[in-house]
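Student: Please take one part of this model and go through it closely. I would like the geometric criteria stated along the way.

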Amino acid sequence: MNDAGTDARSRPRPKVYLAHATENKPMVRPVAAYLMAQGIEVWLDEWDIGAGESLRQRMEAGLEGMTHFVVMLTPTALTKPWVAMEIDAAIIRKLGGESHFIPLLVGVRPKDLPIMLRTILGVSFDPASDADLKSLADRLWGVSARPALGPVPHHVRAAATAPPGWSAAAVAIARLMVTTSEHAMLRDPILNLAEIQASTELAEEDARLGVLELKYAGHLWAGAVRDNYAPECPMFAEFAAAFLPFNPSEDATAVAVRMVEGTKRVTDTKALAEDLGWEPRRMNCAICYLQQVGAIEQRHALANKPWRAVQLIRTDETLRFARSRS
């Protein structure tokens, strides 16, 4: 159960006027005592009207000071003119926004009530039930039965920062791939559908549709083993900026400018990354972007790792890209 407002210690205490038929006092007294034990001030006639005092004046004072009017509606109470008068006064205060009105239905059904009382939601109540007593006290303190509001799902949070035009499922999968990739290398990482579902909190159907969306766009590689997937270069180029602390588009510009400013046609990837102060994943995402726009050629070796290419080769497209960005 979730407390909908501020801490109960900082709230004003509820003040309850407990209306009832005299014949029902044996069941009313334990309810009043329970509420008092829960920190709820209760006005009860036999507690608050002394010998020689005016019944009407003391009852009016109790009604005026209450925050909640609680009436024990039993078959007997429904026949009592005095209870009806108390209810009339409470309804006027309710309509004026001065207090709350809580009818407790004890041995009666809503259809048994006078027509005006049927418009107010009553609570089926058993005075001997610990659960019903606790529920009443919680209601009086303003504690809501509404469950606590959970965090925004991973895939929805991801969609809020991702490039437009993609489904929330596709974005969630892309986020998973680029953030769990160690170096943004080829087949880094390879995840199966069950792992994708567990990490993204997507339903199986949504996960499959997200995978298809990315696969058909050229962003996902599908392995020979069923339901195994890995990010392709375009995924890093497009999604890394949304989920990693660098922007492949801006980094690609920096790489291209360095390449065209130098005298060499071939640039060593590791040396350039060290010069820029970048770790492999950042450099590799920039390479993915340059590859995606056709602005470089690459040389590979058997021992590439952790670099997507051991050397970057300047072309006319590299010059054109660098000049268009500078």
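Tutor: What follows looks at strand S10 and its partners, then at an aromatic pair and a lysine.

First, the ground rules. The model is predicted: local features need pLDDT of at least 70, side-chain atom pairs count only at pLDDT 80 or more, and totals for chains, interfaces and linings use all residues. Residues are numbered from 1 along each chain as its sequence is written, and side-chain values use heavy atoms, with hydrogens and water left out.

Start with strand S10, residues 228–231. Strands here are DSSP runs of E with at least two residues, helices are runs of H or I with at least four, and both are numbered from the N terminus. Strand S10 is covered on both faces. Asn228 and Ala230 are buried on one side, Tyr229 and Pro231 on the other. Buried means under 20% relative accessible area, exposed over 50%, and partly exposed in between, using a 1.4 Å probe and protein chains only. In a regular strand, side chains alternate between the two faces of the sheet.

Now the partners. Two strands pair if DSSP finds at least two bridges between them. Strand S8 (residues 191–192) runs antiparallel to S10, with two bridges. There, leucine 191 sits opposite tyrosine 229. Strand S9 (residues 220–222) is also antiparallel to S10, with three bridges. Tryptophan 221 has alanine 230 as its bridge partner. S9 and S10 make a hairpin with five residues between them. In that turn, aspartate 227 has a positive phi of about 65 degrees.

Next, the aromatic rings. Rings of Phe, Tyr and Trp (its six-membered ring) pair if their centres lie within 6.5 Å; planes under 30 degrees apart are stacked, over 60 edge-to-face, and the rest tilted. That rule gives five aromatic pairs. Tyrosine 17 and tryptophan 43 are stacked, because their ring centres are 4.6 Å apart and their planes are at 5 degrees. Tyrosine 17 lies in strand S2 (residues 15–19) and tryptophan 43 in strand S3 (residues 41–43), 26 residues apart. Tyrosine 17 is buried at 0% relative accessibility, and tryptophan 43 is buried at 11%. Both belong to one aromatic cluster with Phe69 and Phe101.

Last, lysine 25, in helix H1 (residues 25–37). Lysine 25 has a relative accessible area of 11%, so this residue is buried. Its side chain makes a polar contact with the side chain of aspartate 45, at 2.6 Å. A polar contact is a pair of N or O atoms within 3.5 Å; within protein, one must be able to donate a hydrogen and the other to accept it, and residues adjacent in sequence count only if both atoms are side-chain atoms.
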